[in-house]
Amino acid sequence: VAGGICQVATTLFQSVFWAGFALEERVPHLYWIARYGQPPYGMKGLDATVDQVFDAQGRLINEVDLKFTNNTRTPILIQSRTDGKKLSFSLYGQKPNWKVEISEPKIEDVVKSDPADVNEEDPNEPVGSRIQTEVAQDGFRATVQRKVTAPGEEPRVLNLLSQYRPSRNVF
């Protein structure tokens with residue numbers, strides 16, 4: 001699904017989110033990538049991106065990261081695996097005594113995408129080839145609420161807000 005490090009970040013993020021761990025830092029993509037919304041754990045608004053931007057001298061000028069805290073009393077083991085097509089993460093440890101409830105995404109401020117094809121030349125591709133690199137998707141704001149409840153404690157409520165720009169059909 002999708003590709004590169006953002007697939008890893010989104011897949012780990014979804015595991016951590018659904019498990020109820022405390023999120024410290026998470027940034028959504030600029031554009032919604034529909035493949036990240038696959039059931040059972042994917043839904044609109046549940047993605048994460050990571051990135052580093054360096055200047056011409058090689059100095060780090062911007063960093064986007066995914067960070068969470070193991071807010072249990074015992075260690076956890078994070079294990080990833082792939083079969084060449086599918087990436088998954090498993091989180092192992094003592095099961096926390098909390099209940100995790102996730103709302104359906106609330107979608108607002110939809111901005112329609114322009115479905116017209118945009119053609120960009122790539123000197124590294126053979127003449128006449130056509131590869132789609134971006135798919136038109138509407139922009140929108142998604143809010144997903146997660147409530148983690150442990151006996152004798154106040155619920156931890158996270159309103160996860162994700163804002164996406166409309167994308168185009170780019171070839």
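Helices here are DSSP runs of at least four residues, numbered from the N terminus. In the predicted model described below, serine 15 has its place in helix H1, and that helix is a convenient point from which to explore the rest of the protein.

To begin with the overall picture, the secondary structure comprises one helix and 12 strands. Followed along the sequence, these elements give the pattern α-β-β-β-β-β-β-β-β-β-β-β-β. A box of roughly 65 × 35 × 35 Å, taken along the principal axes, is filled by the C-alpha atoms. Of the 171 residues in the protein, 30% are buried. The protein exposes about 11200 Å², and 51% of this area is supplied by carbon and sulfur atoms. Contacts reach well along the chain: among those between residues at least 6 apart in sequence, 68% join residues at least 24 apart.

Next comes the largest pocket, whose volume is about 570 Å³. Its lining consists of 19 residues, and Thr11, Gln14, Tyr41, Lys86 and Leu87 are the ones that lie nearest the centre. Two elements, helix H1 (4–19) and strand E6 (87–92), each give two or more residues to this lining. Helix H1 gives the most, with seven residues. For readers thinking about chemical character, the lining divides into nine nonpolar, eight polar and two charged residues.

Back in helix H1, serine 15 merits a second look. With a relative accessible area of 19%, serine 15 counts as buried, because the cut-off for that class is under 20%. Leaving aside residues up to four places away in sequence, serine 15 touches Phe89 and Leu91.

A second buried site is offered by glycine 139, which is found in strand E10 (residues 139–149). Glycine 139 has a relative accessible area of 0% and is therefore buried. Which residues does glycine 139 touch, not counting those up to four places away in sequence? They are Asp109, Val110 and Val111, together with Tyr164, Arg165 and Pro166. Glycine 139 can also be paired with tyrosine 31: the two are 108 residues apart in sequence, while their C-alpha atoms are 7.1 Å apart in space.

Taken together, the two sites can be set side by side: serine 15 in helix H1 is buried at 19% relative accessible area, and glycine 139 in strand E10 is buried at 0%.

Technical notes
Residues are numbered from 1 along each chain as its sequence is written. This is a predicted model: local features need pLDDT of at least 70, side-chain atom pairs count only at pLDDT 80 or more; totals for chains, interfaces and linings use all residues. Side-chain values use heavy atoms; hydrogens and water are left out. On a 1 Å grid over the protein atoms alone, a cavity is a set of points where a 1.4 Å probe fits but cannot get out, and a pocket is an open set with protein on both sides within 12 Å along at least five of seven lines; lining residues have an atom within 4 Å of a point. Grid points are joined across faces, edges and corners, and a volume is the space filled by probe spheres set on the points. Ala, Val, Leu, Ile, Met, Phe, Trp, Tyr, Cys and Pro count as nonpolar, Asp, Glu, Lys and Arg as charged, and the others, Gly among them, as polar. Buried means under 20% relative accessible area, exposed over 50%, partly exposed in between (1.4 Å probe, protein chains only). Contact means heavy atoms within 4.5 Å. Accessible areas come from the Shrake-Rupley method with a 1.4 Å probe; for residues, only the protein chains shown count as cover.
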